[in-house]
Amino acid sequence: MAAPTLVLEFSLFSPSLFPLQASGLAHIAALLGMIVLALLGSLLAIRDRLDDRSSLGHEYESQREEFMTDQERVHQLISENGGRMKQSRIVDSVDWSKAKVSRLLAELEEDGQITKLRLGRENLVCLPGHEPTASKSPEQSNE
């Protein structure tokens, strides 16, 4: 009677219950799964590298701004705003006091890097060549 029990034990692991193991497809399925995982991992790694490269540009800009002088920073700010800016907007755009901005603008005006025009109670700060035409003398507007 021991023989039928043996047959039952072997029949539990028969190829009909586990068709992938019997036909060798399990190895192929596992191989395909590993290939898919490797491809997905590669795509994620490429995406991360591209993200890192794009963030390097922003890091470079912030480091560049970090090493700019205050005068260069004001000059760049005015340039980015079309060559003209009200002094109050400059104060709002930087983390400096009104007095510091006023001092910097006075230095830049002395050096001929900017022109300050009085508009009522405000100053319009202009880069050379960006002054409004009405503010120029007749000789200057003909040039």
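This passage describes three local sites in a predicted model: a nonpolar surface patch, the surroundings of Glu131, and the position of Gly112.

In the predicted model, a nonpolar patch of about 690 Å² lies on the surface and is made by Leu25, Ile28, Leu31, Leu32, Met34, Ile35 and Leu39. One of these residues, Leu25, is placed in helix α3, which comprises residues 25–66. With a relative accessible area of 43%, Leu25 is classed as partly exposed, because this class covers the values between the limit for buried residues, under 20%, and that for exposed residues, over 50%.

The second site is centred on Glu131, a residue of the loop between β3 (122–126) and α7 (138–142). Glu131 has a relative accessible area of 15% and is therefore buried, the cut-off for this class being under 20%. Two contacts of the Glu131 side chain were identified: a polar contact of 3.1 Å joins it to the side chain of Thr115, and the backbone nitrogen of Gly129 is reached at 3.0 Å.

The third site concerns Gly112, which is found in the loop between α6 (98–110) and β2 (115–119). The relative accessibility of Gly112 is 48%, so that this glycine counts as partly exposed, given that the exposed class requires over 50%. Although Gly112 and Pro128 are separated by 16 residues in sequence, their C-alpha atoms lie 8.0 Å apart in space.

Terms used. Residues numbered from 1 in each chain as written. Predicted model: local features only at pLDDT ≥ 70, side-chain atom pairs only at ≥ 80, totals over all residues. Heavy atoms only, no water. Patch = residues over 30% accessible without salt bridge, like charges linked within 9 Å, V, L, I, M, F, W, Y side chains within 5 Å. Areas by Shrake-Rupley, 256 points an atom, 1.4 Å probe, with all protein chains shown as cover. Salt bridge = Lys/Arg side-chain N within 4 Å of Asp/Glu carboxyl O. Helix = DSSP H or I, 4+ residues; strand = E, 2+ residues; numbered from the N terminus. Buried < 20%, exposed > 50% of the residue type's maximum accessible area, 1.4 Å probe, protein only. Polar contact = N/O pair within 3.5 Å; in protein donor to acceptor, adjacent residues only side chain to side chain.
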